[in-house]
Amino acid sequence: MTTTPVVRALGELAHDRAHATTARCDCDPPLVLADRPDGTVVRSGPVVAKAHAPDADTAALASRLALAASPGLAGVLLAPLGTAPQARVEEPTGMTGSGTSGGYAPGAGHRTVSLWPYGEPVDPADPDAAPWEAAAALLARLHRTVPPGPLPPMRGPAKAARAVARMCRARPGDPDTAPVLAAWRGLPAWARAEEGTPPDRAGFLCHGDLHLGQLVRHPAPHGPWVLIDIDDAGLGDPAWDLARPAAWYAAGLLAPETWQRFLDGYRGGGGPALRVPGDPWPDLDVPARALTVQTAALALAKSAAEGRSPDVVEQLMIDACVRIASLPPELTSERAS
């Protein structure tokens with residue numbers, strides 16, 4: 001297991017919470033579930049500890065954690081073991097800072113930690129069992145829910161903008177980035193996080209980063225599916241939460257019958273992202289193009305960092321940007337607001 005200070009601290013926090021009511025311990029060592037710049041996740045038995053991004057806005061994160069704990073979203077979002085950041089871990093940055101109560105002080109090497117019950121994730125080795133209908137039904141319920149209190153904007157467009165910036169840093173001046181940048185420039189300003197979401201679509205409760213890795217069964221291993229990872233949740237256009245599967249379908253990565261099952265499940269649940277029967281693309285076009293650009297940009301950034309060419313799946317998303325960039329302006333602006 002990786003033994004960074006953050007991983008060790010998270011393992012101890014999760015282990016202590018798992019044994020809050022018992023003195024006996026024969027646990028396996030803590031298990032690292034994820035260790036990325038935007039979040040480190042460690043499991044000890046039935047408890048998962050997550051160190052959120054070093055630059056996380058603690059006030060916004062507290063709102064999102066409270067959202068996950070909201071009784072009105074029980075059975076939709078996995079609830080944390082508590083309703084506020086429970087601790088902080090400190091990285092050995094050589095910097096000092098006082099921090100803020102329950103949160104992170106920018107530049108001080110602190111990271112907010114939240115504790116969660118463990119849920120059984122989707123099995124990547126069994127794609128035929130992927131819970132597309134469950135994901136669609138959960139999204140429909142989430143989008144229909146009246147926000148229980150003040151929330152920040154959903155962070156989907158901001159994540160897309162970060163992905164493009166990361167690509168540009170990784171491949172400065174590289175001609176391979178040209179179609180991705182052209183597809184990016186063809187998006188309306190709100191989808192590039194340069195201005196707010198159009199008012200008629202801005203007030204819906206959204207997950208912000210929906211993919212199959214964001215579903216778990218709780219209680220594990222056979223409980224119902226719920227959504228996890230609220231770091232990007234907030235108010236915005238619910239079509240954004242349908243955009244990743246839409247982009248995969250458009251790129252040929254998601255079978256038409258699977259895409260139709262997902263759409264039928266969402267519509268059957270009364271989801272508001274698709275406003276009229278029939279063709280979903282008038283509502284999904286802009287978010288799907290934005291997620292295509294985001295995925296292609298990350299593919300180019302990661303492949304550059306790893307000193308390799310994009311793999312087959314990554315190249316499909318890059319090729320999709322080539323097609324998007326070649327569309328006439330009148331077609332790329334139909335859903336600009």
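**Group meeting: contacts, spaces and salt bridges in a predicted model**

Let me start with one residue, V226. Setting aside the neighbours within four places in sequence, V226 touches G75, V76, L77, L78, L138, Q214, L215, V216 and H218. Before going on, please note that this is a predicted model. V226 itself sits in strand 9, which covers residues 225–227. Is V226 buried or exposed? V226 counts as buried, because its relative accessibility is 7% and the cut-off for buried is under 20%. One contact is worth picking out. V226 and V76 are 150 residues apart in sequence, yet their C-alpha atoms are 5.1 Å apart in space. When you turn the structure on the screen, find these two valines and compare their places in the sequence.

Next, helix 6, residues 243–251. The buried residues in helix 6 are A243, R244, P245, A246, A247 and A251. What do they pack against? The buried residues of helix 6 pack against helix 3, helix 7, helix 8 and helix 9. Just after helix 6 comes G252, with a positive phi of about 90 degrees.

Helix 6 also takes us to a pocket. The second largest pocket has a volume of about 250 Å³. Its lining is made of A247, A250, A251, W281, D285, A288, R289, T292, A320, R323, I324 and L327. Which helices supply at least two residues each to this lining? They are helix 6, helix 8 (281–305) and helix 9 (312–325). Helix 8 gives the most, with five residues. Sorted by class, the lining of this pocket holds eight nonpolar residues, three charged residues and one polar residue. Two of the lining residues, A247 and A251, were in the list of buried residues of helix 6 as well.

Now from a pocket to a cavity. How many cavities of 30 Å³ or more are there? The count is one. The largest cavity holds about 70 Å³ of space. Around it are G156, K159, G208, D209, L210, W240, D241, R244, L291 and Q294. Helix 4, residues 156–170, and helix 8 each supply at least two residues of that lining. By class, the cavity lining divides into four charged, three polar and three nonpolar residues. So that you can place one of these residues: R244 lines the cavity and is one of the buried residues of helix 6.

On to salt bridges. The structure holds 16 of them, and I will go through three.

The first joins D38 and R36, with the closest N and O atoms 3.2 Å apart. D38 counts as partly exposed, because its relative accessibility is 37%. R36 is partly exposed too, since its relative accessible area is 47%.

The second is between the side chains of E133 and R261, at 2.6 Å from N to O. E133 lies in helix 3 (residues 132–144) and R261 in helix 7 (residues 256–268), so this pair ties together parts that are 128 residues apart in sequence. E133 is partly exposed, with a relative accessible area of 36%. R261 is partly exposed as well, with 32%.

The third is between the side chains of D283 and R275, at 2.7 Å from N to O. Why does D283 count as buried? D283 is buried because its relative accessible area is 5%, and buried means under 20%. R275, on the other side of the bridge, is partly exposed at 42%.

There is also a network. Salt bridges that share partners join R155, K159, D209, D232 and R244. Among the members of this network, K159, D209 and R244 also appear in the lining of the largest cavity.

Last, the cysteines. A disulfide is a covalent bond between the sulfur atoms of two cysteines. How many disulfides does the structure hold? The count is zero. Two cysteines can be described by their accessibility. C321 counts as buried, because its relative accessibility is 0%. C168 counts as partly exposed, because its relative accessibility is 32%.

To go back over the main points: V226 is buried in strand 9, helix 6 packs its buried residues against four named helices, helix 3, helix 7, helix 8 and helix 9, and R244 belongs to a salt-bridge network as well as to the lining of the largest cavity. That is the end of my part.

Conventions. Residues numbered from 1 in each chain as written. Predicted model: local features only at pLDDT ≥ 70, side-chain atom pairs only at ≥ 80, totals over all residues. Heavy atoms only, no water. 1 Å grid on protein atoms, 1.4 Å probe; cavity = no way out; pocket = protein on both sides within 12 Å on 5 of 7 lines; lining within 4 Å. Points joined across faces, edges and corners; volume = space filled by probe spheres on them. Nonpolar A, V, L, I, M, F, W, Y, C, P; charged D, E, K, R; others polar. Disulfide = S-S within 2.5 Å. Buried < 20%, exposed > 50% of the residue type's maximum accessible area, 1.4 Å probe, protein only. Contact = heavy atoms within 4.5 Å. Salt bridge = Lys/Arg side-chain N within 4 Å of Asp/Glu carboxyl O.
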